[in-house]
Amino acid sequence: MKWIGERINFVDQKDKLTIVILPPRVGFQRYLMLIWMAFWLFVGVVVTLQFFQDYTQKEKLVLFIFMSFWVYFAVRVGRSLLYLFFGREFVKVDENALYVKHATGRYGSSYQYFLENISKFQLVSVKENSFQATYENAPWVRGTNKLQFEYMGKTRSFGRKLPEK
């Protein structure tokens, strides 16, 4: 196994190439996110328990709307945490196809793309000082994929939060 940078390793065999892309190393920030998530879950439990109190319909509607946003952010940050702790992307290329698997631990689906149907393979670049670049660098965002290609008329991508070099 050889390494390209600190996040990408590969094994080059005579009939296939296997590449593993690890999540970015954000150090203590992922543990801060874990603490934030614990507090966020505590807030959710407290607000959920308020549904069983004697409130008016309007107050319960406000609690429901709050919990809708709460669930959205809990899922987003939870998925990002799982990716930061256990995520990997597996890319395998053989003489017939490109296989891409976005995995969290052992869970994930592998997709097969036949090489003769792949076109317009390119690097997705983001302007340095743009809002998107700032948003992409946040640790609570899983990020967008940097390598994309067209496969049978649809755009497919992989390489989450890869540097441009």
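This short presentation describes the sheets, cores and aromatic contacts of one predicted protein model.

Two points on conventions come before the structure. The model is predicted, so local features need pLDDT of at least 70 and side-chain atom pairs count only at pLDDT 80 or more, while totals for chains, interfaces and linings use all residues. Residues are numbered from 1 along each chain as its sequence is written, and side-chain values use heavy atoms, with hydrogens and water left out.

I begin with the sheets. Helices (DSSP runs of H or I, at least four residues) and strands (runs of E, at least two) are numbered from the N terminus. Six strands make up an open, antiparallel sheet in the order β1-β2-β3-β4-β5-β6. Its edge strands are β1 (2–4) and β6 (107–114), each of which pairs on one side only. Two strands are said to pair if DSSP finds at least two bridges between them. From one strand to the next, the twist averages 20°. Axes here are lines fitted to C-alpha atoms, for helices over the stretch in contact, and angles run from 0 to 180 degrees between N-to-C directions.

Within this sheet, β5 (residues 97–104) and β6 pair in the antiparallel sense over eight bridges, and alanine 103 stands opposite glycine 108 in β6. Helix α2 packs on the sheet and touches β4 (87–94) and β5, its direction making about 65° with that of β4. Contact, throughout this talk, means heavy atoms within 4.5 Å.

One residue of strand β2 (residues 8–12) deserves mention, namely asparagine 9. Is asparagine 9 buried or exposed? With a relative accessible area of 5%, asparagine 9 is buried; the term buried means under 20% relative accessible area, exposed over 50%, and partly exposed in between, for a 1.4 Å probe and protein chains only. Leaving aside neighbours within four places in sequence, asparagine 9 is in contact with Met1, Lys2, Trp3, Thr18, Ile19 and Val20.

The second open sheet has three strands in the order β7-β8-β9, also with antiparallel pairing. Strands β7 (118–123) and β9 (154–160) stand at the edges with a single partner strand each, so one side of each is left without a neighbour in the sheet. Here, the twist averages 20° from one strand to the next. Four bridges join β7 to strand β8 (residues 145–151), and glutamine 122 has glutamine 148 in β8 as its bridge partner.

Strand β8 also holds glutamate 150, which is partly exposed at a relative accessible area of 27%. Beyond its neighbours within four places in sequence, glutamate 150 is in contact with Asn117, Ile118, Ser119, Lys120 and Thr155.

I turn next to the nonpolar cores. A nonpolar core is a set of buried Ala, Val, Leu, Ile, Met, Phe, Trp, Tyr and Cys residues joined through side-chain atoms within 4.5 Å. The largest has 12 residues, including Val26, Met33, Trp40, Trp70 and Leu84. Two elements, α1 (29–50) and α2 (57–86), give two or more residues to this core. Which of the elements gives the most to this core? It is α2, with seven residues. Apart from this core lies another, of 11 residues, among them Ile8, Val91, Val100 and Phe149.

Leucine 84, a member of the largest core, is in contact with Pro23, Pro24, Val26, Arg30, Met33 and Pro139, again leaving aside neighbours within four places in sequence.

The last topic is the aromatic residues. The whole structure contains 10 aromatic pairs. Rings of Phe, Tyr and Trp (its six-membered ring) pair if their centres lie within 6.5 Å; planes under 30 degrees apart count as stacked, over 60 as edge-to-face and the rest as tilted. Tryptophan 36 and tryptophan 40 have ring centres 5.0 Å apart and planes at 15°, so the pair is stacked. These two residues are four apart in helix α1, and about one helical turn separates them. Tryptophan 36 is partly exposed, at 38% relative accessibility.

Tyrosine 113 and phenylalanine 149 form an edge-to-face pair, 5.2 Å centre to centre with 75° between the planes. Tyrosine 113 lies in β6 and phenylalanine 149 in β8, so the pair ties together parts that are 36 residues apart in sequence. Tyrosine 113 is buried at 10% relative accessibility, and phenylalanine 149 is buried at 1%. Both belong to one aromatic cluster, formed by Tyr113, Phe121, Phe149, Tyr151 and Phe158.
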